[in-house]
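User: I should like to go through the reasons behind several structural labels, with each one set against its criterion. Please take the model shown here as the basis.

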Amino acid sequence: MLNCNGIIADLAIDQRGAMKKMMEKYQDKATMEDIVAFKRLVSQELTPYASSILLDPEYGLSAAKQKDPESGLLLAYEKTGYDASIRGRLPDILTDWSVHRLKAAGADACKFLLYYDIDENLEINNQKQALIERIGSECKAEEIPFFLELVSYDSAGRTTDSIDYARVKPHKVNDTMKIFSERIYHVDVLKVEVPVNMNFVEGYAKGSIAYTKKEAARHYMEQSQATDLPFVFLSAGVSTALFFDTLRFAKDAGSSFNGVLCGRATWAEGVKVFIQKGKEATIKWLRTQGKKNIEELNAVLAATATPVI
């Protein structure tokens, strides 16, 4: 699960609904076969450069068979998306899977995605906490690491790309990390957002500023202080260049993050190639630009991430 430097350098391609939307930018309808085939190619070509790959059991099991033997396997346990008609972005597990079954399918770790707003209705957050307790207990019983992915949102309706949300994001991200670092949840690794929106940081913003560089750096430090668990960053679909800049800023701010579990910053541009030009062109892209992206990411991680002790 770690690379030779003791850093978590994991590749994520467990997207399902998001993958479908990405493909449908370039064709009318994305089929199950399209999604499975693309995941297989990414796994085959990029796992030699990743410490592990994160896949989903719905579309990704055949891709797991294509991974490099030295690369670990994480499998997602959550259903994709959430019911937008019900308040709270309530999560659910894949009903025909269990942690035992994920492990039997070859998983070295279980990953679960939780949308969480620390300022949400207490009844809703209590349901989410109880679910994470159950999943953590499953993982403990099966003796398999539990990666918990935390994605913030705002129950008051502020959109996550707005400056108003940017101002409250540090509180939502860092205080949520504190909660799920408690031993009752049996989490082994937190997969989290960076605590600020870099598009509103002084020196990175193209318009309005929500934080000075000094303020942003303080939020990164507070994030490290919020947990005693290893934690890794997700890329949240930002450009490769901005993600690299974000990791460098985190390092300079004193963050003790332990690596990444990200995908779109590495392979997202390959989706267009796959849909428009087919398998062979995609393999060529993955062996050139895709490989370049992940090797550059590994170089940035070597200079910025803190090894897991």
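The exchange below concerns a predicted model and takes up exposure, a helix, salt bridges and nonpolar cores in turn.

User: Why is Glu-143 called exposed?

Analyst: The relative accessible area of Glu-143 is 70%, and the label exposed applies over 50%, so Glu-143 meets the criterion. Glu-143 lies in the loop between α5 (122-142) and β5 (146-152). Its phi is positive, about 55 degrees, although Glu-143 is not a glycine.

User: What makes His-186 partly exposed?

Analyst: His-186 has a relative accessible area of 29%. Partly exposed covers the range between under 20%, which is buried, and over 50%, which is exposed; the value of 29% therefore places His-186 in that range. The residue His-186 sits in the loop between α6 (163-180) and β6 (189-192), and it too is a non-glycine residue with a positive phi of about 55 degrees.

User: Why does Asp-228 count as exposed, and which residues does Asp-228 contact beyond its neighbours within four places in sequence?

Analyst: Its relative accessibility is 56%, and the cut-off for exposed is over 50%, so Asp-228 is exposed. Asp-228 belongs to the loop between α7 (213-225) and β7 (231-233). Leaving aside neighbours within four places in sequence, Asp-228 is in contact with Ser-181 and Arg-183. The C-alpha atoms of Asp-228 and Glu-182 are 9.4 Å apart, with their positions 46 residues apart along the chain.

User: What makes the pairing of the Asp-228 and Arg-183 side chains a polar contact?

Analyst: The two side chains are joined at 2.8 Å. A polar contact requires N or O atoms within 3.5 Å, so the distance of 2.8 Å satisfies that limit.

User: How do you know that the length of α7 agrees with the expected span?

Analyst: At 1.5 Å a residue, the 13 residues of α7 should span 18 Å. The expected span is 1.5 Å times one less than the number of residues. The end C-alpha atoms of α7 are 19 Å apart, which agrees.

User: Which residues of α7 are buried, and why are they said to line one face?

Analyst: The buried residues in α7 are Ala-216, Ala-217, His-219, Tyr-220, Gln-223 and Ser-224. Viewed down the axis of α7, its buried residues fall within an arc of 155 degrees, so they line one face of the helix. On the face turned away from the buried side are the exposed residues Lys-214 and Gln-225. The cover over the buried residues of α7 includes α6, β6, β7 and α8 (240-253).

User: Why is the pair Arg-16 and Glu-58 called a salt bridge?

Analyst: The N to O distance between the side chains is 2.7 Å, and the criterion is a side-chain nitrogen of Lys or Arg within 4 Å of a carboxyl oxygen of Asp or Glu; the pair therefore qualifies. The bridge links distant parts of the chain, 42 residues apart: Arg-16 is in the loop between β1 (8-12) and α1 (17-23), and Glu-58 is in the loop between β2 (52-55) and α3 (61-64). Arg-16 is buried at 5% relative accessibility, whereas Glu-58 is partly exposed at 37%. The structure holds 21 salt bridges.

User: What makes Lys-172 and Asp-117 a salt bridge, and are these residues buried or exposed?

Analyst: Their closest N and O atoms are 2.6 Å apart, and the limit is 4 Å, so the pair is a salt bridge. This pair links distant parts of the chain, with Lys-172 in helix α6 and Asp-117 in the loop between β4 (109-116) and α5, 55 residues apart. Lys-172 has a relative accessible area of 0% and is buried; Asp-117 is likewise buried, at 0%. Elsewhere, salt bridges that share partners join Asp-14, Arg-16, Glu-58, Glu-78, Lys-111, Glu-149 and Lys-191 into one network.

User: Which residues touch the most other members of the largest nonpolar core?

Analyst: Of the 85 residues in that core, Leu-148, Phe-180, Leu-190 and Trp-267 touch the most other members. Beyond its neighbours within four places in sequence, Leu-190 is in contact with residues including Leu-148, Met-177, Phe-180 and Phe-231. A second, separate core has 10 residues, among them Leu-54, Ala-76, Ala-109 and Val-232.

Definitions and conventions
Residues are numbered from 1 along each chain as its sequence is written. This is a predicted model: local features need pLDDT of at least 70, side-chain atom pairs count only at pLDDT 80 or more; totals for chains, interfaces and linings use all residues. Side-chain values use heavy atoms; hydrogens and water are left out. Helices (H or I, at least four residues) and strands (E, at least two) are DSSP runs, numbered from the N terminus. Buried means under 20% relative accessible area, exposed over 50%, partly exposed in between (1.4 Å probe, protein chains only). Contact means heavy atoms within 4.5 Å. A polar contact is a pair of N or O atoms within 3.5 Å; within protein, one must be able to donate a hydrogen and the other to accept it, and residues adjacent in sequence count only if both atoms are side-chain atoms. The arc is that of the directions from the helix axis to the C-beta atoms. A nonpolar core is a set of buried Ala, Val, Leu, Ile, Met, Phe, Trp, Tyr and Cys residues joined through side-chain atoms within 4.5 Å.
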